Amino acid sequence: NDADGVKKLLHMWELPVPVIGAINGWCMGGASWYATATHMTYASENAVFAQPEVRHISNTSFFWVLNAGYKNALRYSLTGDHIDAAEALRIGIVNEVVPHDDLIDHCFKVVERIALVSPETVKINLAVATMGLEMMGLRNALLLNAEYKAMAHSSKREDFERHLNEARERGGMRDFLQARDGPFQPEPFGPRSRPAT
């Protein structure tokens with residue numbers, strides 16, 4: 001159920017304690033939605049974000065728009081293009097990029113700094129931010145997101161789906177991904193932005 005996915009994201013968003021995402025490696029599709037729904041998000045230099053599922057008739061999440069801004073979100077939500085950690089920082093879906101080996105320690109240092117503030121104050125200030133966004137329409141935007149998700153999944157073009165299914169039958173998931181992503185290569189950012197050697 002599409003509304004259930006939105007409820008899970010909202011549940012995390014509405015927790016009375018900050019949720020900090022530590023992103024290392026590939027953060028694709030729904031994983032990127034969870035990463036953008038965390039209250040703070042830190043990435044290693046190895047992080048790659050994308051919504052490649054839009055390339056085979058799927059939807060984006062309003063959390064991309066909330067974090068990246070309208071134009072940046074559309075740039076990556078309409079193409080499924082990959083972005084590396086530096087681009088994720090530039091457009092605002094992560095707070096900071098840190099070295100791979102320091103990622104978890106860095107996140108715990110942020111947690112320790114937050115813990116220096118009284119828990120009641122942290123809870124109130126988190127509510128100011130999250131509930132303020134909800135009063136501005138975040139909840140309604142996410143519920144509308146669920147409705148459009150259902151529409152996106154039911155809008156499959158037979159010729160397009162047949163092409164991808166034939167590729168999968170011919171060579172499994174590797175051929176499916178090549179048929180879906182091949183026309184988009186090279187990606188503008190990340191490890192697939194460089195020609196294969």
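## Briefing: charges, cysteines and local geometry

A127 counts as partly exposed, because its relative accessibility is 32%. This residue belongs to a predicted model, and within that model A127 sits in helix α7, which spans residues 119-135. The C-alpha atom of A127 is separated by 27 Å from that of V98, the two residues being 29 apart along the chain. The points below turn to salt bridges, surface charge, cysteines and one peptide bond.

**Salt bridges around D81**

- The count of salt bridges comes to nine, and one of them pairs R55 with D81, whose closest N and O atoms are 3.0 Å apart.
- R55 is placed in the loop between β4 (48-50) and α3 (62-68), while D81 is in the loop between α4 (70-77) and β5 (83-84), so this pair ties together parts that are 26 residues apart in sequence.
- Both partners of this bridge, R55 and D81, are buried; for D81 the relative accessible area is 8%, which falls under the 20% cut-off for a buried residue.
- D81 also meets the side chain of R75 in a salt bridge, with an N to O distance of 2.8 Å.
- Unlike the buried D81, R75 counts as partly exposed, because its relative accessibility is 34%.

**A salt bridge within helix α5, and the shared network**

- E87 and R90 form a salt bridge in which the closest N and O atoms are 2.8 Å apart.
- These two residues are three apart in helix α5 (residues 85-91), and are therefore separated by about one helical turn.
- The two ends of this bridge fall into opposite classes of accessibility, for E87 is buried with a relative accessible area of 6%, whereas R90 is exposed with a relative accessible area of 55%.
- Elsewhere, salt bridges that share partners join R55, R75, D81, R180, D181 and E187 into one network.

**Negative surface patch**

- E45, D101, D102 and D105 together form a negative patch on the surface.
- One of these residues, D102, is found in the loop between β6 (96-98) and α6 (103-115).
- D102 is partly exposed, with a relative accessible area of 39%, and so lies above the 30% that a patch member must exceed.

**Cysteines**

- The count of disulfides comes to zero.
- For C27, the closest cysteine sulfur is the one in C107, and no bond is possible because the 13 Å between the two sulfur atoms is too far.
- C107 is likewise in no disulfide, the sulfur of C27 being the nearest cysteine sulfur to its own, at 13 Å.
- C27 is buried, with a relative accessible area of 4%, and C107 also counts as buried, because its relative accessibility is 8%.

**Cis peptide bond**

- The peptide bond that runs from Q185 to P186 is cis, and its omega is near -5°.
- P186 lies in the segment that follows α9 (158-181).

Definitions and conventions
Residues numbered from 1 in each chain as written. Predicted model: local features only at pLDDT ≥ 70, side-chain atom pairs only at ≥ 80, totals over all residues. Heavy atoms only, no water. Patch = residues over 30% accessible without salt bridge, like charges linked within 9 Å, V, L, I, M, F, W, Y side chains within 5 Å. Areas by Shrake-Rupley, 256 points an atom, 1.4 Å probe, with all protein chains shown as cover. Salt bridge = Lys/Arg side-chain N within 4 Å of Asp/Glu carboxyl O. Lys, Arg positive; Asp, Glu negative; His and termini not counted. Charge placed at Lys NZ, Arg CZ, Asp CG, Glu CD. Helix = DSSP H or I, 4+ residues; strand = E, 2+ residues; numbered from the N terminus. Buried < 20%, exposed > 50% of the residue type's maximum accessible area, 1.4 Å probe, protein only. Disulfide = S-S within 2.5 Å.
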